[in-house]
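Here are my notes from a pass through this one, jotted down as numbered points. Have the structure open alongside while you read.

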Amino acid sequence: MCGIVGILHRGRIGDAPARVKWMADSIPHRGPDDEGFWHGGDVALGFRRLSIVDLATGHQPMSNEDGTVWVIFNGEIYNHRALRRELEAAGHRFATDHSDTEVLVHGYEEWGERLVDRLNGMFAFAVWDQRKRRLMLGRDRLGIKPLYIAERSDGTLIFASEIRAIHASGLVERAPDQGAVYAYFLQQNVWDGRSMFEGVRQLPGGHVLLDGPGRRSRREFWDMRFDRRRIASKDAATMLRAAVEEAIQRQMAADVPVMAYLSGGIDSSSLVAGAHRIDPAVKAYSCLFDLSGVGDDRIVDEREFSRAVSAHLGIDHVELELAPTALKNSLHRTIDALEEPRMGMAYVNYLIAERVAKDSKVVISGCGGDEILGGYVGRYAYLRQPYPLPSAPKPGLLARILGRALKPTGLSLDPTRRMLELYGFPVPPQDIESSFTPDMLRAGGGYTVAGALGDLLRACPSKLDWDQLTYADTKTYLTGLLMVEDKLSMAHSLEARVPLIDNEVIDLAMGFDWELLYDGTTGKKVFRDAIRAWVPPIVADKPKMGFGPPDASWYRGALQPWIRQLLSPERIAARGVFQPAFVERAIDDHMSGAANRLPLIWSLLSFDAWCEINGFYGGDLGQPMRPAAN
């Protein structure tokens, strides 16, 4: 709902309050309704507000009665009413009527750093304890809300909701992290809290950072725990339906209207249906695509399903249809909002959020359902199948391509090796030496997807291959999706809420035996049973399709001249990251239909826009260069 910024300087930076004002001024989109500032001898705090809950009295920074505890907070605490009752019973007196921010103030007084263990919500916050001269930063379990940090050699800590605010402080030089750039092209993502800007990282989800005089520490307060157990399918469906319904109820709470995305998939359809049960005035918003000249990837268009849901519910339904030129017209705005290249065809998220924001400040999203509830059937099957991997599309499309009839036949290959193939794109391991320039290979510093995945899986509390894939998907793929969801909605002053990764839903789902989630053919079995009465059968029984535009076809059609110019050998050479022959060959293969290089082309286009926006790797190269005529 907001943007937070701050500098912990301990008296070293005399103009820290002015710098914090610069930081807040750089993110007005995160909070167009209000701003606030506070500073003491050690710290300066700033805040931009998007007013959603407690519109009249929710001003921040917010303090306790005597001004010894100060809080700035971005997000929503969904169990704040229950926590307020508990704190009032313990003797705390609240100044606001129903501000969830004030629960953090008194919660910190009562429970200290253990406050985070009691929160159900999406949050990134900073608590300043004036008595202890201690800063506490906290981020929700999965990192739904972003929190970036940069540390200077003198111990100064700069933190903010967006990278641009870190740079606006004037204390951190804006430069690319070449190792992170290299990693991005190996996995179309950046893992482990890294950003593509040197010296800027994210506090990982499920962590708190504590900084007191002479000591800085970081603690993980939550990680995924698998407690798989057999439950009768009917009982499991009843339990899950109640948990999802309660999560929707909690996350619909707002003092402004709440809307919902409707892709036509089972997740968004169920949430729209659940939201409609709570508020019949809720509107649904769908993104459609111009299918003229589209080939096999027309399957990504789910209009028949979204329309079936809206008709079934009798709900107000807004459709936004995108033309093939939508990417060309929105690429720079999308990457500027994201701040760095990331996964997926993110411009679609940007444009549908822009449309919803014309009507509301809050939208419900189905993000997270596949990772938590067993939705990636193609990926589970691939871990146990002896066939070659197709050119790597996004997981949802992979599931559709592989079909519904694939059944596990035993471990014919090491599942970890199979998992690596699922993550190792858009530049697969066999192409690394021939794709990057020698300088970029050196900048990569020996980073490998295998090494990073191995480090991640060592922390996984389960040795079951599907649990390990769920763990890795949640820590990498879902983390990336959540960043895209937040940045591209908040770019339009729109807050996206994600009920399917509510604490109670996650805790329940991690206890379901895999037989309740996936039977070798159908994914999210128990979820389908739980919500079957809410949605039409055509949706309840539909296979996993994934949501995204038909870019593979669009690249070969109306966008082809633009792509070839923007990614010409001359421009690729000027960037100095890839060998031009590799990129040219990949584009030719895609355009001819010999291969699907959609992920690589998207990554290259995103990277080119990022370079132009930030002045990196040659910056603005002007009009695409063309070879001189003979």
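1. In this predicted model, α18 supplies seven residues to the lining of the second largest pocket, the largest share. Other elements chip in too: α5 (178-187), β12 (215-220) and α17 (449-458), like α18 (465-490), each give at least two residues.

2. If you want to set up a box here, the volume of this second largest pocket comes to about 660 Å³. Its lining counts 32 residues, and those nearest the centre are D192, G193, P204, L456 and K475.

3. What is the chemical make-up of the lining of the second largest pocket? It splits into 11 nonpolar, 11 polar and 10 charged residues.

4. Now for strand β7, residues 134-139: six of its six residues are buried. In a regular strand, side chains alternate between the two faces of the sheet. For β7, R134, M136 and G138 sit on one side, with L135, L137 and R139 on the other, and both faces are covered. Note that the buried set includes R134 and R139.

5. Which strands pair with β7? One is β6 (residues 121-129), antiparallel to β7 and joined to it by six bridges, with A124 standing opposite R139. The two make a hairpin with four residues in between, and R133 in the turn shows a positive phi of about 55°.

6. β7 also pairs with β11 (residues 207-212), again antiparallel, through four bridges. Here M136 of β7 stands opposite L210.

How values were computed:
Residues are numbered from 1 along each chain as its sequence is written. This is a predicted model: local features need pLDDT of at least 70, side-chain atom pairs count only at pLDDT 80 or more; totals for chains, interfaces and linings use all residues. Side-chain values use heavy atoms; hydrogens and water are left out. Buried means under 20% relative accessible area, exposed over 50%, partly exposed in between (1.4 Å probe, protein chains only). Two strands pair if DSSP finds at least two bridges between them. On a 1 Å grid over the protein atoms alone, a cavity is a set of points where a 1.4 Å probe fits but cannot get out, and a pocket is an open set with protein on both sides within 12 Å along at least five of seven lines; lining residues have an atom within 4 Å of a point. Grid points are joined across faces, edges and corners, and a volume is the space filled by probe spheres set on the points. Ala, Val, Leu, Ile, Met, Phe, Trp, Tyr, Cys and Pro count as nonpolar, Asp, Glu, Lys and Arg as charged, and the others, Gly among them, as polar.
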